[in-house]
Amino acid sequence: MQLLHAEPTWLWALVAGTLIAALLVLAPSPASRFVFKLLCAALLSYLAVQSGHPSVGSVLSHTLIPHIELNKAYLVLLVAVLGTTISP
């Protein structure tokens, strides 16, 4: 909802969480599977939509070779990703 600039985001998170919890508890299994497949398809559509049409070589090189920056935002994100990956 942040991409759509729909404020307040905490309210949308609460609504989405409530709807998903209700779907899991109240809906029959085939219906809930259909909804989750639809949500997954929506997330996968981000891969199909390209804003700048980057070259394949550029995408592959940036996927395989990490881009490292020595600034505060990058290091905080790196610690967060490593912390959530290693801690379980």
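Helix H1, residues 9-26, and helix H2, residues 29-48, have axes that come within 8 Å of each other and cross at roughly 145°. The crossing of H1 and H2 is left-handed. On the H1 side, Ile20, Leu23 and Leu24 take part in the contact, and they meet Ser32, Val35 and Phe36 of H2. Sorted by class, this contact of H1 with H2 has five nonpolar residues and one polar residue, with no charged residues. The model described here is a predicted one.

These two helices belong to a protein that has four helices and zero strands. Read along the sequence, the pattern is α-α-α-α.

The overall dimensions can be set beside those of a globule. For 88 residues, a compact globule would have a radius of gyration near 12 Å, whereas the protein has 18 Å. Taken along the principal axes, the box filled by the C-alpha atoms is roughly 45 × 30 × 30 Å. Burial can be given as a share of the chain: buried residues make up 3% of the 88 residues. The protein exposes about 7900 Å², and carbon and sulfur atoms supply 75% of that area.

The segment before H1 contains proline 8. The peptide bond that leads into this proline from glutamate 7 is cis, with omega near -10°. Glutamate 7 appears again in the surroundings of tryptophan 12, a residue that lies in helix H1. Once neighbours within four places in sequence are left aside, tryptophan 12 is in contact with Met1, Ala6 and Glu7.

Is tryptophan 12 buried, exposed or partly exposed? Its relative accessible area is 36%. Buried means under 20% and exposed means over 50%, with partly exposed in between, so tryptophan 12 counts as partly exposed. A separation along the chain can also be set beside one in space: tryptophan 12 and leucine 64 are 52 residues apart in sequence, and their C-alpha atoms are separated by 35 Å.

To return to the helix pair, H1 therefore holds both tryptophan 12, partly exposed at 36%, and the residues Ile20, Leu23 and Leu24 that meet H2.

Conventions: Residues numbered from 1 in each chain as written. Predicted model: local features only at pLDDT ≥ 70, side-chain atom pairs only at ≥ 80, totals over all residues. Heavy atoms only, no water. Rg over C-alpha atoms; globule rule 2.2 N^0.38 Å. Buried < 20%, exposed > 50% of the residue type's maximum accessible area, 1.4 Å probe, protein only. Areas by Shrake-Rupley, 256 points an atom, 1.4 Å probe, with all protein chains shown as cover. Axes fitted to C-alpha atoms, helices over the stretch in contact; angles between N-to-C directions. Left-handed = near helix turned anticlockwise from the far one by under 90°. Contact = heavy atoms within 4.5 Å. Nonpolar A, V, L, I, M, F, W, Y, C, P; charged D, E, K, R; others polar.
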